[in-house]
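The following exercises are to be worked with the sequence and the coordinates at hand. Each task is followed by a solution in steps.

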Amino acid sequence: MKSSAEFDVIVYGATGYTGRLVAEHFSRTYGSSSEVKWAMAGRDGKKLAAVRDEIGAASSTPLIVADSDDAAALRAMCERARCIVTTVGPYQLYGSKLVAACAATGTDYLNLSGESNWMRAMIDYHEAEAKRTGARILFSCGFDSIPFELGVMFVQDIAKRRLGHVVPRVKGRVRGLGGSLSGGTVASGEATRAAAARDPSVIRLLVDPFALTPGFRGADQPRGDKVEDDPDTGTKVGPWMMMPINSKNIHRSNVLMGNPYGSDFVYDEMVMVRDGEKPLEFTYADGKVQKPGEGPSKEERENGFYDLVFIGIDRDGQKVQASVYGKKDPGYGSTAMILAETALCLLRDGGDVAGGILVPGAALGQKLIERLQARAQLSFKDETR
Ligand SMILES: NC(=O)c1ccc[n+]([C@@H]2O[C@H](COP(=O)([O-])OP(=O)(O)OC[C@H]3O[C@@H](n4cnc5c(N)ncnc54)[C@H](OP(=O)(O)O)[C@@H]3O)[C@@H](O)[C@H]2O)c1
């Protein structure tokens, strides 16, 4: 871990839809105080200056210009920071050189990637170097997958307290959701579909729950691909679009911690469907497919929320239940707060976290739950009856 640098955090991609919200969070919460030294970065200096003014950040907020294809500029940016928070995506198109620069310079890195084909490639190429230089590289630091990864961790802690042991089976259930998709997220989905069309091995990886745990393969996992009755929620449940990425991250989290949930741990994620209702899902903002740079309105973000349930079941059928509730829309309003505060948690509380390509909950555990409750409007509850 770098103990000092000119900046604690550089927000790279600050001109994009999500990056602007992340920069706004730093500006509003930490302002130009000396508590957090932060800067905004992107490929276009004029656009950066305009965004800085639009979000009301101090005119003294430093701006750094670097194109995602310019390895020398990325390296120079990394050398000025303890940590880079990047929302420059699709990551498989614009993200690889920055991971390489962070791994080489021992700079911490956080992103919002749900692109598992690219994440696996980055693990294969850069994990050894990140371990050597001490760079802590954290993927999926937004709605996918932090509330889900921490929800599983939280329900396992409840199981240990109430039942005296962890549980081999957890069901993640989306009980409520209000939110829509940005243009950058749509573009990332399209980039993954194009990669799968070019290379069939990508499809095998996308459907494999253990694609992010090279060298480890656990028990067979539920497919979660059809509507079915769920006696544990008392409702029907249906497929959930984020299960493929979240379940991969949760299995990697278990493996990186040394399999505390067991090497036969089984997890699935589905949405609860009440009689006569359509399954919950993300919609398109304004009812239309968004272009890069576009996303939900401020009102949509402020009125959004998510309500997740985690049911843990032991081998005797004993159950525990937890919930994770987030204010603001999941993908952007909540995600921007989660990403920014996870970076600060890593810098402040993560002194003993070694370098590597990590999963946020496995790296930071209870400290991250506490920080997100205090600073990112998340709440974790024990709902065991
Ligand atoms: N996991 C989650 O929960 C979650 C939530 C939200 C977003 N995301 C992901 O985050 C990413 C961003 O989404 P978004 O909606 O914010 O996208 P966006 O609005 O299109 O923003 C993309 C950003 O990347 C920058 N960029 C593009 N090409 C670049 C280059 N060659 N060099 C430097 N910067 C470049 C853009 O700069 P310009 O402004 O100059 O064009 C912009 O700042 C996507 O991959 C999305 O899937 C994930």
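A polar contact is a pair of N or O atoms within 3.5 Å. The model under study is predicted.

**Exercise 1. The ligand and its polar partners**

Task: Determine how the side chains of R43, K47 and D144 are placed relative to polar atoms of the ligand.

Solution.
Step 1. Begin with the ligand oxygen atoms. One oxygen atom of the ligand is 2.7 Å from an N or O atom in the side chain of R43. For the side chain of K47, an N or O atom is likewise found 2.7 Å from an oxygen atom of the ligand.
Step 2. Turn to nitrogen. A nitrogen atom of the ligand has a polar side-chain atom of D144 at 2.4 Å.
Step 3. Consider the cover. On its own the ligand has 940 Å² of accessible area, and the protein covers 92% of that area.

**Exercise 2. The shell around the ligand**

Task: Describe the shell around the ligand by its closest members, its residue classes and the helices that supply it.

Solution.
Step 1. The ligand is surrounded by 31 residues, and the closest are T15, K47, D144, S182 and S188.
Step 2. Sorted by class, the shell holds 15 polar, 11 nonpolar and 5 charged residues.
Step 3. At least two shell residues come from each of the helices α1 (17–30), α4 (91–94), α8 (183–198) and α12 (330–349).

**Exercise 3. Two serines and a glycine**

Task: Classify S68, S188 and G16 as buried, partly exposed or exposed, and locate each.

Solution.
Step 1. Apply the cut-off: a residue is buried under 20% relative accessible area, exposed over 50%, and partly exposed in between.
Step 2. S68 has a relative accessible area of 15% and is therefore buried. This serine sits in the loop between β3 (63–65) and α3 (71–79). Beyond four places in sequence, S68 touches Y12, L74, V88, Y94 and K97. Its C-alpha atom is 7.5 Å from that of R43, with their positions 25 residues apart in sequence.
Step 3. S188 is at 14% relative accessibility, so this residue also counts as buried. S188 belongs to helix α8. With residues up to four places away left out, S188 touches P90, Q92 and E115. The side chains of S188 and E115 are joined by a polar contact of 3.3 Å.
Step 4. G16 reaches 24% and is therefore partly exposed. Its place is the loop between β1 (7–12) and α1. G16 and G295 are 279 residues apart along the chain, and 9.9 Å separates their C-alpha atoms.

**Exercise 4. The geometry and burial of helix α7**

Task: Test whether the length of helix α7 (residues 146–163) agrees with the expected span, and state how far the helix is enclosed.

Solution.
Step 1. The expected span is 1.5 Å times one less than the number of residues. For the 18 residues of α7 this should give 26 Å.
Step 2. The end C-alpha atoms of α7 are 25 Å apart, which agrees with the expectation.
Step 3. Of the 18 residues, 13 are buried, so α7 is largely enclosed by the rest of the structure.
Step 4. After α7 comes G164, whose phi is positive, near 90°.

**Exercise 5. A lysine in a strand**

Task: Is K171 buried or exposed, and with which side chain does its own side chain make a polar contact?

Solution.
Step 1. K171 lies in strand β7 (residues 169–178).
Step 2. With a relative accessible area of 10%, K171 is buried.
Step 3. The polar partner is the side chain of D232, at 2.6 Å.
Step 4. Beyond four places in sequence, K171 touches several residues, among them D230, D268, V309 and F310.

Methods:
Residues numbered from 1 in each chain as written. Predicted model: local features only at pLDDT ≥ 70, side-chain atom pairs only at ≥ 80, totals over all residues. Heavy atoms only, no water. Near = heavy atom within 4 Å. Polar contact = N/O pair within 3.5 Å; in protein donor to acceptor, adjacent residues only side chain to side chain. Areas by Shrake-Rupley, 256 points an atom, 1.4 Å probe, with all protein chains shown as cover. Helix = DSSP H or I, 4+ residues; strand = E, 2+ residues; numbered from the N terminus. Nonpolar A, V, L, I, M, F, W, Y, C, P; charged D, E, K, R; others polar. Buried < 20%, exposed > 50% of the residue type's maximum accessible area, 1.4 Å probe, protein only. Contact = heavy atoms within 4.5 Å.
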